[in-house]
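Welcome! Here is a short briefing to read with the model open beside you. Take it one topic at a time, and look up each residue as you go.

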Amino acid sequence: MTEANAPRKAEKLLAVKGMNDILPPDSARWEALEERVRALMRRYAYENIRTPIVEPTALFVRGLGEVTDIVEKEMYSFDDRLNGEALTLRPENTAGVVRAVVEHTLLYNGGKRLYYFGPMFRHERPQRGRYRQFHQVGAEALGFGGPEVDAELILMAHALWKELGIGGVELQINSLGQPDERNLHRAALIAHFEANADALDPESRRRLHLNPLRLLDSKNPAMQEVIEAAPKLMDFLGAASKAHLDTVLAILDANRVSYVMNPRLVRGMDYYNLTVFEFVTTQLGSQGTICGGGRYDYLIEQIGGKPAPAVGWAMGIERVLELLRAQEESLAMPVLDVYAVIPDASALPLAAACLQDLRGAGVSALMHASGESGLASMKSQFKKADASGARYALVFGANELAQGCVTVKALRDPAAPQRTLALDQWAGWAQSLQSAP
Ligand code: ATP
Ligand code: MG
């Protein structure tokens, strides 16, 4: 063997920067949150939709708007090596959902309430609460134009905070009006910023005539004063737009949901009109928005569908989990019911069969696994049983098994006596585990 092909210790391969592994036990928190979100969606009759992670680049360019942070600098875009097709890892999923809804004519007999859950990709600077692969749950109500659906979506997110025990989240609302109202505002906005051009950074000066609304979204501290003084879209709204907003607010009032009006709230994509909203917390540093959304009545048409109104939101899972942690709120997670202790290898087949029965009855069960030198000592098996968090240890001892029994030990209650359980009482015991908390 020559020097060159001698086996060398392989270099470690690491995850892509800003893209995280979600490992146990943290992954259990993810599952618990997902389960809560899915239950919430079921209560509001939103149906699950699963669309591809990769979409044609044109979908996002057309859907989100060319002069947006996402399209200008945050997309993971590439050409398919085989056919040169321009593709992009989805940076958000509203455009994908709309594409699917149009492609499969899902609105043929009325509106659809849909939700999704999954990874999104944006090339941003990784920091707390901001990653390059992150996860969103999103809810979209398509084919509905009325303000009560905007309110329904807001109430749904609000209900989730309440259920999770999350406090101190501020709901901010604005109305972006309709295109004609926006055009009037746009002219006033350009005039205002032109008159204050000295105060603008180069990026804003470039965007001024392309997409002046984007300037309101700027986080540059030096520009805040001139942004604060800018004409407010709210002052350009006609009667219908105002009435739409008023109904949304009246429904929130009737549900005792508080909110603040934020005339600078414009959101990061161009597709919004009328109601836009964000749920914001001050507890996550500058990554304070945990959920954002609004109405997008023109997107379906823009993606080639028959014109239909729609409204939706997306929630950042990492930020919600982080907020739960910051507020020391735990997510109720299922505990292991049974850990099987095996004193002697001869008990393995019967123990495996018993556990299989338990699992079939809905009980969670883990069997001690042997190592290279066989089964560990009883002491070490009991240590593992304790560390597993299981409620009960089942001991498959040779003597008990000969009499058709196993020993049950309650691990979370040291005072409880050990008892023997006849294997013909198995089903009843499994049931009692299911009903006991
Ligand atoms: P931000 O202003 O924080 O960049 P955004 O307006 O770009 O947020 P949306 O596109 O509205 O965010 O996405 C909805 C939610 O997804 C956000 O409110 C946030 O909770 C989450 N989110 C967005 N970008 C990221 C990211 N890079 N990492 C983690 N979560 C994110
Ligand atoms: Mg962003």
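The largest cavity holds about 50 Å³ of space. Keep in mind that you are looking at a predicted model. From this enclosed space we will move on to a second cavity, a pocket, the ligand, the domains and two points about the backbone.

**Cavities**

- The number of cavities of 30 Å³ or more comes to two.
- Around the largest cavity you can find R128, G129, Y131, L284, Q287, E318, R319 and E322.
- Sorted by class, that lining of the largest cavity has four charged residues, two polar ones and two nonpolar ones.
- The second largest cavity has about 40 Å³ of space.
- Its lining is made up of L216, I227, A230, P231, K232, L233, P263 and R264.
- In the lining of the second largest cavity, six residues are nonpolar and two are charged, with no polar residues.

**The second largest pocket**

- This pocket has a volume of about 430 Å³.
- A total of 23 residues line the second largest pocket, and those nearest its centre are R182, N211, L213, D270 and Y272.
- Which helices should you look for here? Both α2 (57-64) and α6 (179-195) supply at least two residues each to the lining of the second largest pocket.
- Of the elements that contribute, α6 gives the most to this lining, with six residues.
- By class, the lining of the second largest pocket contains eleven nonpolar residues, seven polar residues and five charged residues.

**Ligand 1 and its surroundings**

- There are 16 residues around ligand 1, and the ones that come nearest are R122, E124, R130, R267 and T289.
- Start with E124: an N or O atom in the side chain of E124 is 2.7 Å from a nitrogen atom of ligand 1.
- Next, find Q136, where a side-chain N or O atom is 2.9 Å from an oxygen atom of ligand 1.
- R319, which you have already met in the lining of the largest cavity, has a polar side-chain atom 3.0 Å from an oxygen atom of ligand 1.
- How much of the accessible area of ligand 1 does the protein cover? On its own, ligand 1 has 590 Å² of accessible area, and the protein covers 91% of that.
- Three strands to trace are β6 (133-142), β10 (289-295) and β11 (310-316), the elements that give two or more residues to the shell around ligand 1.
- Among these, β10 gives the most to the shell, with three residues.
- The shell around ligand 1 has six charged residues, six nonpolar residues and four polar residues.

**Domains**

- The protein is divided into two parts you can colour separately: domain 1 (26-177 + 237-326) and domain 2 (338-433).
- Between the C-alpha centres of domain 1 and domain 2 there are 47 Å.

**Backbone points to look up**

- Most residues other than glycine have a negative phi, and most peptide bonds are trans.
- The peptide bond from P24 to P25, however, is cis, and its omega is near 5°.
- You will find P25 in the segment before α1 (26-43).
- R267 is not a glycine, but its phi is positive, near 70°.
- Where does R267 lie? R267 is in the loop between β8 (260-261) and β9 (273-280).
- R267 is also one of the residues that come nearest to ligand 1, which makes this loop a good place to finish your tour.

Conventions:
Residues numbered from 1 in each chain as written. Chains lettered and ligands numbered in written order. Predicted model: local features only at pLDDT ≥ 70, side-chain atom pairs only at ≥ 80, totals over all residues. Heavy atoms only, no water. 1 Å grid on protein atoms, 1.4 Å probe; cavity = no way out; pocket = protein on both sides within 12 Å on 5 of 7 lines; lining within 4 Å. Points joined across faces, edges and corners; volume = space filled by probe spheres on them. Helix = DSSP H or I, 4+ residues; strand = E, 2+ residues; numbered from the N terminus. Nonpolar A, V, L, I, M, F, W, Y, C, P; charged D, E, K, R; others polar. Near = heavy atom within 4 Å. Polar contact = N/O pair within 3.5 Å; in protein donor to acceptor, adjacent residues only side chain to side chain. Areas by Shrake-Rupley, 256 points an atom, 1.4 Å probe, with all protein chains shown as cover. Domains from an automatic or database assignment.
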